[in-house]
Every structure is written in C-alpha cells, then in structure tokens.
Amino acid sequence: MEHIKIIEEIAKTGLLRDIIKNIGFTEQKCNLKDLEQDLYVDLLEEPPNNLKELYNNGQLKYYLTRLVLNNIRSKTSQYYYKYKKDENKMVRIKNFNEAEE
C-alpha cells in the first residue's frame, strides 16, 4: 500500500485518535487534537518505506502507540514544548477560587 494511502486509512478508521484518547485521557482535550494533527504531519514526513514496512509487518499500531507515548510523556518532545511546558505554570480558575475559600 502507498505511504499516503496508509495515512488516509489511519485517519478514516480513527486509529490514531483512539490511541490518543486511551493514552492521553489525563491531558487537556484541546491539546490532544493538536497532538493528533502534529503526529499526522510527522507521519507525512516519515520516509515512505518505513511506514510501508510497519504496515506490511503488522506493527503500525505499535508504532503509533509509541509515538503517542513518547510525545505525551517525554519532556524533550515537540508536544511538551508546544503545549505542556507552560501549562504547568497556569493556575486554573476553579482551583484559584477554591484556594481563596
């Protein structure tokens, strides 16, 4: 199967979205949508033969799971620097109001 067709299949079946939902349930939902889009960009930039080989060997779901895990858990990932780094410094309004009581 072609590189772009593999990515289309991932998008149509919602495979990547499901993996992100299962792993990133503690993350903010708006960040997870951005993560999904960033990972699609990464997949498009992936060398075509790598993605084809993973697909043909039945290892694509494992690979996508590792991509998501690495992005969510690593402090050196693009996801961390784009979305999570400054999020840790934010004060939630709800928590702020509760702290005053």
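The following dialogue works through the helices, helix contacts and selected residues of a predicted model.

Biologist: Where should a reading of this fold begin, and how many helices and strands does the secondary structure comprise?

Modeller: One begins with the inventory of elements. This model is predicted, and its secondary structure comes to seven helices and zero strands. Read from the N terminus, the order of elements is α-α-α-α-α-α-α.

Biologist: What share of the residues in the protein is buried, and what supplies the area that the protein exposes?

Modeller: Of the 101 residues in the protein, 34% are buried. The protein exposes about 7,200 Å², and carbon and sulfur atoms supply 50% of that area.

Biologist: How are contacts between residues at least 6 apart in sequence distributed along the chain?

Modeller: Here one asks how far along the chain the partners lie. Among the contacts in the protein between residues at least 6 apart in sequence, 70% join residues at least 24 apart.

Biologist: Let us turn to helix pairs. At what angle do the axes of α2 and α5 cross?

Modeller: One considers the approach of the axes, then their angle, then the handedness. Helix α2 covers residues 15-23 and helix α5 covers residues 60-73; their axes come within 10 Å and cross at roughly 45°. Because angles from 35 up to 65 degrees fall outside both the parallel and the perpendicular ranges, α2 is oblique to α5. The crossing in which α2 passes α5 is right-handed.

Biologist: Which residues make that contact of α2 and α5, and how do they divide by class?

Modeller: From α2, the contact draws on L15, L16, I19, I20 and I23; from α5, on K61, L64, T65, V68, L69 and I72. By class, the residues of this contact are nine nonpolar, one polar and one charged.

Biologist: How do α1 and α4 cross, in a left-handed or a right-handed manner?

Modeller: The crossing of α1 and α4 is left-handed. The axes of helix α1 (residues 3-13) and helix α4 (residues 48-56) come within 9 Å and cross at roughly 55°. That angle makes α1 oblique to α4. On the α1 side the participants are H3, I6, I7 and E9, which meet P48, L51, K52 and Y55 in α4. This contact of α1 with α4 has five nonpolar, one polar and two charged residues.

Biologist: May we take single residues next? Is L51 buried or exposed, and which residues does L51 touch?

Modeller: For a single residue, one reads the accessibility first and the neighbours second. L51 lies in helix α4 and counts as buried because its relative accessibility is 0%. Not counting residues up to four places away in sequence, L51 touches H3, I6, I7, L43 and L60. The C-alpha atoms of L51 and E2 are separated by 9.0 Å, although these residues are 49 residues apart along the chain.

Biologist: Which residues does L16 touch beyond its sequence neighbours?

Modeller: L16, in helix α2, touches I10, E36, L39, Y40, L64 and V68, with residues up to four places away in sequence not counted. At 1% relative accessibility, L16 counts as buried. Q37 is 21 residues from L16 in sequence, and the two are 9.9 Å apart in space, C-alpha to C-alpha.

Biologist: Is the polar residue N71 buried or exposed?

Modeller: N71, found in helix α5, counts as buried because its relative accessibility is 12%. Beyond residues up to four places away in sequence, N71 touches L35, L39, S77, Q78, Y79 and Y80.

Biologist: How should the accessibility of D38, D42 and K33 be read?

Modeller: These residues illustrate the classes of accessibility. D38, in helix α3, is buried, with a relative accessible area of 18%, under the cut-off of 20%. Leaving aside neighbours within four places in sequence, D38 is in contact with K82 and Y83. D42 also lies in helix α3, and counts as partly exposed because its relative accessibility is 25%. The C-alpha atoms of D42 and L67 are separated by 9.5 Å, with their positions 25 residues apart along the chain counted as the separation. K33 has its place in helix α3, residues 29-45, and is exposed, with a relative accessible area of 59%. K33 and K21 are twelve residues apart along the chain, and their C-alpha atoms are separated by 9.7 Å.

Technical notes:
Residues numbered from 1 in each chain as written. Predicted model: local features only at pLDDT ≥ 70, side-chain atom pairs only at ≥ 80, totals over all residues. Heavy atoms only, no water. Axes fitted to C-alpha atoms, helices over the stretch in contact; angles between N-to-C directions. Helix = DSSP H or I, 4+ residues; strand = E, 2+ residues; numbered from the N terminus. Parallel < 35°, antiparallel > 145°, perpendicular 65-115°, else oblique. Left-handed = near helix turned anticlockwise from the far one by under 90°. Contact = heavy atoms within 4.5 Å. Nonpolar A, V, L, I, M, F, W, Y, C, P; charged D, E, K, R; others polar. Buried < 20%, exposed > 50% of the residue type's maximum accessible area, 1.4 Å probe, protein only. Areas by Shrake-Rupley, 256 points an atom, 1.4 Å probe, with all protein chains shown as cover.
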